[in-house]
Amino acid sequence: MRRYICIHGHFYQPPRENPWLEVVEVQDSAYPYHDWNDRITAECYAPNASSRILDDRGRIFRLVNNYARMSFNFGPTLLAWMEREAPDVYEAILAGDRLSRENFSGHGSALAQAYNHMILPLANSRDKRTQIRWGIEDFRHRFQRLPEGMWLPETAVNLETLDIMAEMGIKFTILAPNQAKRIRNMGSDDRHDVSGGRIDPRRPYKLRLDTGKEIDLFVYHGDISQAVAFERLLDSGEAFAHAVLGALSENSGESEIVHVATDGESYGHHHTDGDMALAYALHLIESDGLATITNYGEYLEAHPPDYEIEIFENSSWSCVHGIERWRGNCGCSSGGYPHWNQEWRAPLREALDWLRDVTAPVYEESAGKLLKSPWQARDAYISLVLDRSESNTERFFEQHAVRPLSQDEQTRALKLLEMQRHAMLMYTSCGWFFDDLSGIETVQVIQYAGRVIQLADGLFGKEIEPRFLQLLSHAKSNVREHGDGRAIYEKWVKPTMLDLNKVGAHFAISNLFEEYGESTPVGAYRAVQHDVTTSSAGKAKLAVGRATVASEITAESLELSYGVLHLGDHNIVCGANDWNGDVQTFAGQREKLLEVFYRGDIPSTLRLLDEYYGPSMHSLTSLFREQQRRVLDQILEPASREAIGAYGQIYDYYAPLMRFLKDSGTPSPGSLSASATIVLNSRLKEALKSEFVDPDAVRLLFDESDRAGVVLDHTTLEFELRRNLERLALQLVDNINDTAFLKNFVEAARLVHGVPFEVNLARVQNLLFPILEAARSSPPVPEESLESTEEEPMEYLKILAENLGLRF
């Protein structure tokens with residue numbers, strides 16, 4: 001008998017990109033990180049790429065890439081974000097799959113996933129096909145091989161979905177125990193009812209489809225998976241190992257596989273240090289020879305199924321009612337708001353279904369004039385989503401266009417295909433998963449619907465928005481102030497809609513605050529500056545210019561002229577118009593604007609902007625959220641500095657009195673407490689992020705904060721200290737012989753044990769580990785200027801290792 005263990009992680013985040021800019025904008029709820037992708041990458045995806053195994057003294061003695069030893073899938077849209085924003089983690093994931101092929105007889109551990117996590121049983125046949133095709137092609141593009149298996153979003157399944165997967169070469173998928181209906185030993189005619197999760201998960205099963213195709217299924221171990229996800233089994237790697245080993249039979253003569261499947265975010269995001277529990281569990285099982293670690297592809301090749309299976313169609317792993325969570329008020333929710341209902345789910349889906357169905361026939365008709373097969377072209381469009389280079393675009397149209405297309409015709413074809421892409425993105429499952437219509441995930445899918453509507457209106461001249469909003473208004477939020485779907489659309493979707501004029505206005509306003517080159521990326525657009533003249537008068541500034549703005553997705557472009565006036569602070573007025581090519585008129589308008597502005601005649605400047613640009617006027621609110629934040633930070637920085645200085649004077653003057661009040665048990669007045677909180681948090685933040693850390697000064701500030709009874713912002717302070725340590729760790733290779741640098745690093749590292757909060761050292765440790773390993777085998781040589789009273793570099797490295805939890 002051979003005993004096998006396989007751990008699968010489903011790593012996924014919903015697409016969060018602004019549908020017009022194709023970038024993830026700042027999400028305040030993810031603070032101190034930029035957005036939730038950024039935060040979860042730091043807490044989970046990156047740690048699993050370099051997970052720490054500790055010795056008996058709690059020191060790191062090995063780093064392992066968990067992706068090389070487990071089975072995993074990543075959502076394609078998440079990997080697309082990661083490739084842009086976290087390339088080191090992205091490359092480590094790909095490397096993990098390459099290593100897994102070496103570990104597991106040529107079988108890679110990565111599985112594909114249906115593209116944007118659409119609930120496939122609720123999708124029409126066309127969308128099922130495209131989602132599976134896109135998932136496969138995205139996988140092939142990234143992992144440079146075809147996938148053996150595919151993860152179904154929420155493991156939601158029906159026979160049509162499995163038939164399409166089998167047709168496209170997918171060999172297996174993973175389901176939950178509750179999705180199994182009956183099984184039959186292939187050597188017997190007897191069928192056994194295994195409903196209610198009573199199936200033996202320790203073997204693979206074969207499902208034969210009515211079309212003659214077949215696909216293999218693994219049914220994960222429900223109890224252990226539940227314990228990993230929700231019962232804190234990951235508090236101990238040893239307990240995790242014992243749990244999976246305990247599920248193996250004692251005296252079975254057959255080979256068995258115990259496999260666990262959960263959200264991959266269990267290993268670090270949902271459970272702090274969950275990646276370390278996984279790494280240690282696999283290490284313990286392997287090092288003690290307790291079982292063989294494998295992946296699904298390797299196990300299936302050596303142990304093909306000898307049982308057939310029947311499944312419950314329209315079932316999933318996260319809804320006990322089947323797939324009702326994504327179309328009705330079934331009662332499944334996060335549980336955070338027990339008095340809320342999810343009646344909004346059905347009308348939301350009905351509105352999106354109507355939008356899909358009303359745009360599909362006009363897409364087919366319009367695209368049919370440009371593309372040989374509109375739906376085959378949509379299936380192939382993933383190649384352009386992955387590579388929008390000019391050469392690849394040419395190849396796409398050579399293969400799919402009915403004839404050589406003009407630039408305008410290509411733009412129209414790309415807009416049609418983009419409309420279809422967003423018509424699929426709007427079905428991302430997270431839009432229905434959570435508790436209310438006003439949640440960020442649900443607003444996101446409504447934004448995708450807004451992009452479909454905008455494209456359809458521009459392409460076909462049809463007013464489909466009113467009917468869509470009528471249907472959407474039947475979806476009612478549990479939060480009274482948000483009203484219904486129509487109100488949410490008007491509040492959060494409509495203002496985000498962009499056209500080329502708005503992109504041009506954004507570029508013009510931003511140009512006052514940042515130095516742009518001749519060609520500047522603006523999200524999914526590019527702005528090319530042709531001509532700009534600026535003038536300043538006190539706090540006021542005027543810019544008049546011309547630029548071309550073009551979409552890098554559809555190649556649609558617009559040349560415009562603009563004038564923008566900044567009166568100081570947040571007072572910005574910008575006008576932007578399509579430029580008609582009249583150089584003389586533009587030059588005259590520019591000259592007149594500069595003339596009246598130079599005279600200090602602001603009212604006349606404003607009047608001329610209104611005269612020249614009419615209704616196309618914009619303000620600071622026209623800036624995209626990310627840039628708006630940056631501009632506001634610039635505007636607010638002097639005011640914030642001045643306010644902190646004023647509070648500092650108040651605090652320094654009254655600090656002795658506040659200490660006396662605290663010692664005597666008398667509460668400080670709120671105004672004094674507020675000044676102390678602002679000032680000490682600010683001073684600590686600056687001290688912890690300083691290039692040269694003064695540990696004595698930092699400790700004094702912490703002591704002072706304690707004596708003043710100040711509530712410290714631990715989240716921000718921990719983040720600043722951690723980032724400073726990471727900065728020093730990145731610089732260590734180039735400064736390993738510099739004793740001054742090493743001394744400063746040691747002083748900063750010693751603070752880790754003297755601050756009133758726990759510092760996340762994962763990335764610092766991962767950066768230092770290979771450097772210290774190399775230093776052990778080839779010790780650094782001290783600089784010639786080293787005084788005899790100073791420590792040798794190796795001594796500093798030992799102190800660093802000791803303070804940061806590394807074996808050296």
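**Close-up views of a predicted model**

Of the 808 residues of the protein chain, 55% count as buried. The model shown here is predicted, and the legends below walk through it from the whole chain to single residues.

**Figure 1. The whole chain holds 28 helices and 20 strands.** Along the principal axes, its C-alpha atoms fill a box of roughly 95 × 80 × 55 Å. The radius of gyration is 30 Å, which agrees with the value near 28 Å that a compact globule of 808 residues would have. Counting contacts with a separation of 6 or more, 69% join residues that lie 24 or more positions apart.

**Figure 2. Helix α2 packs on helix α4.** Look here for residues 76-85 (α2) and residues 125-143 (α4), whose axes are 10 Å apart and meet at an angle of about 35°. The crossing of α2 past α4 is left-handed. On the α2 side the contact is made by P76, L79, A80 and E83, and on the α4 side by D138, R142 and F143. What kinds of residue make up this contact? Four are nonpolar and three are charged, with no polar ones. A reminder for reading the helix side of such a view: an α-helix has 3.6 residues a turn, so residues three or four places apart point the same way.

**Figure 3. Six strands make an open antiparallel sheet.** Reading across the sheet, the order is β15-β16-β17-β18-β19-β20. Which strands sit at the edges? They are β15 (519-522) and β20 (617-618), each of which pairs on one side only. Within the sheet, β16 (residues 525-537) and β17 (residues 540-551) are joined in the antiparallel sense by 12 bridges. To find your place along this pair, start from A527, which stands opposite V549 of β17.

**Figure 4. Helices α20 and α21 pack on the sheet.** Helix α20 (residues 583-598) touches β16, β17 and β18 (557-566), and its direction makes about 150° with that of β17. Helix α21 (residues 602-613) touches β17, β18, β19 (572-578) and β20. The direction of α21 makes about 165° with that of β18.

**Figure 5. Strand β7 is covered on both faces.** In a regular strand the side chains alternate between the two faces of the sheet. In β7 (residues 172-175), F172 and I174 belong to one side and T173 and L175 to the other, and all of them are buried. Four bridges join β7 to β11 (residues 214-219), and the two strands run parallel. One bridge to pick out is that of T173, whose partner in β11 is L217.

**Figure 6. Helix α28 is mostly covered.** Eight of the 11 residues in this helix (residues 793-803) are buried. They are P793, M794, Y796, L797, I799, L800, A801 and N803. What do these buried residues pack against? Their neighbours are helices α26 (739-750) and α27 (762-777). After α28 comes G805, with a positive phi near 75°.

**Figure 7. S266 and D273 share the loop between β12 and α8.** The loop runs between β12 (256-263) and α8 (274-287). Is S266 buried or exposed? With a relative accessibility of 2%, S266 counts as buried, because the cut-off for buried is under 20%. Leaving aside neighbours within four places in sequence, S266 is in contact with V228, A229, L234, H271 and G274. For a sense of distance, S266 and D734 are 468 residues apart in sequence, and their C-alpha atoms are 36 Å apart in space. D273, in turn, counts as partly exposed at 36% relative accessibility. The phi of D273 is near 65°, a positive value in a residue other than glycine.

**Figure 8. Two more loops with backbone angles worth a look.** Most residues other than glycine have a negative phi, and most peptide bonds are trans. A555, in the loop between β17 and β18, has a positive phi near 70°. The relative accessible area of A555 is 36%, which makes A555 partly exposed. In the other loop, between β1 (3-11) and α1 (36-49), you will find P32. The peptide bond from Y31 to P32 is cis, and its omega is near 10°.

Key:
Residues are numbered from 1 along each chain as its sequence is written. Side-chain values use heavy atoms; hydrogens and water are left out. Axes are lines fitted to C-alpha atoms, for helices over the stretch in contact, and angles run from 0 to 180 degrees between N-to-C directions. A crossing is left-handed if the near helix is turned anticlockwise from the far one by less than a right angle, and right-handed if clockwise. Contact means heavy atoms within 4.5 Å. Ala, Val, Leu, Ile, Met, Phe, Trp, Tyr, Cys and Pro count as nonpolar, Asp, Glu, Lys and Arg as charged, and the others, Gly among them, as polar. Two strands pair if DSSP finds at least two bridges between them. The radius of gyration is taken over C-alpha atoms; the globule rule is 2.2 Å times the number of residues to the power 0.38. Buried means under 20% relative accessible area, exposed over 50%, partly exposed in between (1.4 Å probe, protein chains only).
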